[in-house]
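Biologist: Hello! I am new to this one, so could you walk me through it step by step?

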Amino acid sequence: MTALGQSAAGWWRSAAIYQVYIRSFADGNGDGVGDLAGIRARLDYLAELGIDAIWFTPWYPSPMDDGGYDVADFREIDPLFGTLAEAQDLIATAHAKGIRVIIDIVPNHCSDEHRWFQDALAAAPGSPERQRFWFRPGRGPDGSEPPNNWKSRFGGPAWTRVPDGEWYLHLYSSRQPDFNWDNQDIRADFEDVLRFWFDRGVDGFRIDVADGLVKDPRLPDADPGDETPFSDQEGLHEIYRSWRKIADSYPGDRVLVGEMWLPDMSRAARYLRRDELHAAFNFDFLVCPWDSTRFRDVIERTLLAHEEVDAPAAWVLSNHDVTRHVTRYGREGDTGFAFADRLHGTPVDLELGTRRARAAALLTLALPGGLYVYQGEELGLWEIEDLPDELRQDPVWTRTNGADPGRDGCRVPLPWSGDTPPFGFGTGGTWLPQPAEWRSSTAEAQAVDPASMLRLYRAGLRLREELPALGDGGLEWLSLGDGVLAFTREPGFTFVLNFSDTAVPLPPHHEVLLTSGPVDGGLPTDTAVWLRT
Ligand code: TEU
């Protein structure tokens with residue numbers, strides 16, 4: 001493949017995509033917040049890492065109530081991050097280095113500072129301006145109760161009342177009003193936003209809350225945990241079919257990736273039919289506890305569901321919403337993931353978590369399909385659970401009155417170099433404090449340490465490019481005993497991960513290609529190996 005060459009099957013079917021959470025990646029102007037200039041200066045690091053594409057979390061103008069997922073203007077760049085000219089330059093520079101660019105689009109809601117919401121507030125109940133959102137009268141004799149019982153995913157009610165007595169719906173913070181997708185203005189505007197960015201060279205979109213745009217128009221009460229009136233509604237498919245037509249009308253394989261936390265994988269796969277989205281994150285894999293049977297089950301179910309619609313799986317271990325997996329895997333007992341309280345405060349064995357994270361990285365890189373790497377996972381960063389409360393910025397923290405610590409702990413600015421904070425993040429401070437222990441986690445320190453997480457990711461990504469067996473395709477399970485997850489891929493590749501308590505012998509092979517930890521004779525507990533067979 002040339003720099004941005006198209007493989008016959010579509011680059012996205014096997015892509016390794018690196019998630020840049022802009023505020024925390026690299027700071028180019030010394031204000032303590034990551035920005036486009038910082039990213040531009042670090043593109044060579046990403047090229048050397050060996051990823052195929054970058055996904056940028058929202059870079060649009062925003063009051064940053066939800067880290068930019070509260071968008072005030074979908075066609076501009078927030079001055080905190082840079083300018084539209086810089087964004088275009090960044091896209092072009094990434095392309096020149098053989099890296100594609102995916103950006104976040106947030107169609108479920110906007111910021112309360114978006115012009116359309118401001119217009120809606122200024123307009124009267126029943127006006128066309130209000131119909132772009134979900135404004136409703138309240139319940140109870142004086143309308144002082146919300147129109148229904150829906151809860152915000154950040155805690156508290158999903159409704160907020162405005163001075164004239166109406167309420168508006170927000171599935172996230174009260175500063176993120178939900179759009180009404182039955183309204184033609186919304187549909188037309190988002191189609192135009194897609195074109196705006198495709199025209200500027202982006203290779204695709206990661207669609208935020210992709211399952212949530214369409215609501216049951218009756219807005220019925222829902223039982224706790226039942227999201228059916230506002231998730232996975234049939235009307236969504238028509239929206240994504242029209243988006244797919246737009247993507248397909250551009251040259252060079254533009255892609256749509258859905259962010260959907262759906263309980264039923266076969267329902268999620270329906271969005272991946274030929275004329276809808278190209279891919280969707282596999283969150284069942286992310287939440288899977290550290291157990292060989294559970295992993296095998298989720299991998300099998302994923303591959304089956306995706307095969308039915310001929311879509312590639314998209315494996316993911318971490319993102320900016322969940323506890324970093326070094327920490328999750330370092331917990332005794334439940335290493336899965338629950339949003340409820342993030343198991344905050346549960347003791348963590350970072351050495352154990354790191355060993356498992358290394359094995360999980362080799363698993364993810366070896367599976368059929370594409371994968372996502374969340375910035376910092378290649379450095380083996382762990383969740384920062386002891387941030388001072390007064391510095392926490394995630395609305396989850398305030399809206400749950402501290403019951404849920406929120407997501408700031410996985411968003412701490414990256415350590416690049418040096419022995420003390422800000423560890424080369426920028427010339428100023430950092431918007432969240434970095435721990436002193438990150439001294440040995442910097443990209444600089446890890447680049448020269450052959451045993452580091454960074455070197456493991458680099459080696460794995462490079463081999464994944466080179467070995468025809470990896471990326472898109474299928475796998476055959478191999479039975480190597482209880483607690484051992486093993487499979488082969490053609491031609492000539494075997495993967496083994498030992499979840500059991502005792503070392504296991506390696507199956508017959510020609511060559512050990514890569515291991516997540518020391519292997520002498522047998523494969524130790526929580527260790528993975530790639531074999532040429
Ligand atoms: O997240 C969607 C979502 O519902 C969860 O991942 C959410 O973060 C979690 O329930 C909170 O506890 C997406 C984005 O990834 C997230 O960062 C945004 O906050 C959210 O949408 C709203 O735009």
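Biologist: Happy to start at the top: which domains does the assignment give for the protein chain?

Modeller: Welcome, and please keep in mind that this is a predicted model. Domain 1 is made of two stretches, 11–108 + 184–460. The other entries in the assignment are domain 2 (110–178) and domain 3 (474–532).

Biologist: What distance separates the centres of domain 1 and domain 2?

Modeller: The centres are taken over C-alpha atoms. On that basis, the separation of domain 1 and domain 2 is 28 Å.

Biologist: How many residues does each of them bring to the contact?

Modeller: Both sides take part in the contact, and domain 2 gives 31 residues. From domain 1 the number is 30 residues.

Biologist: Which residues of domain 1 lose the most area to domain 2?

Modeller: Let me begin with the whole interface: domain 1 and domain 2 bury about 2,500 Å² between them, and 56% of that is on carbon and sulfur atoms. On the side of domain 1, three residues together make up 27% of what is buried there. They are Leu219, Phe230 and Arg399.

Biologist: Which elements give two or more residues to the side of domain 1 that touches domain 2?

Modeller: Across this interface there are 15 residue pairs in polar contact. On the domain 1 side, the elements that give two or more residues are α5 (184–199) and α12 (395–399).

Biologist: And how many charged residues are on that side of domain 1?

Modeller: By class, the side that touches domain 2 has 15 nonpolar and three polar residues. The charged residues there come to 12.

Biologist: How many salt bridges are counted between domain 1 and domain 2?

Modeller: Side chains of opposite charge can pair when their charged atoms come close. A search of the whole structure finds 39 salt bridges. Between domain 1 and domain 2, the count is four.

Biologist: Why does the salt bridge of aspartate 66 and arginine 407 tie together separate parts of the sequence, and how many residues apart are they?

Modeller: The two side chains meet at 3.0 Å, N to O. Aspartate 66 lies in the loop between β2 and α3, while arginine 407 is in the loop between α12 and α13 (443–447), so the bridge joins parts whose separation in sequence is 341 residues.

Biologist: Is the pair of tryptophan 59 and tryptophan 197 stacked, edge-to-face or tilted?

Modeller: This is one of 39 aromatic pairs. The ring centres are 5.5 Å apart. Planes under 30 degrees apart would count as stacked and over 60 as edge-to-face. The planes of tryptophan 59 and tryptophan 197 are at 40 degrees, so the pair is tilted.

Biologist: Where in the chain do tryptophan 59 and tryptophan 197 sit?

Modeller: The pair links distant parts of the chain, 138 residues apart. Tryptophan 59 is in the loop between β2 (53–56) and α3 (84–96), and tryptophan 197 is in helix α5.

Biologist: One last stop: where is proline 491, which glutamate 490 joins through a cis peptide bond?

Modeller: The bond from glutamate 490 to proline 491 has omega of about 0 degrees. Proline 491 itself is placed in the loop between β13 (484–489) and β14 (493–498).

Key
Residues are numbered from 1 along each chain as its sequence is written. This is a predicted model: local features need pLDDT of at least 70, side-chain atom pairs count only at pLDDT 80 or more; totals for chains, interfaces and linings use all residues. Side-chain values use heavy atoms; hydrogens and water are left out. Domain bounds come from an automatic or database domain assignment. Contact means heavy atoms within 4.5 Å. Buried area is the accessible area (1.4 Å probe) that two parts lose on being put together, summed over both. A polar contact is a pair of N or O atoms within 3.5 Å; within protein, one must be able to donate a hydrogen and the other to accept it, and residues adjacent in sequence count only if both atoms are side-chain atoms. Helices (H or I, at least four residues) and strands (E, at least two) are DSSP runs, numbered from the N terminus. Ala, Val, Leu, Ile, Met, Phe, Trp, Tyr, Cys and Pro count as nonpolar, Asp, Glu, Lys and Arg as charged, and the others, Gly among them, as polar. Rings of Phe, Tyr and Trp (its six-membered ring) pair if their centres lie within 6.5 Å; planes under 30 degrees apart count as stacked, over 60 as edge-to-face and the rest as tilted.
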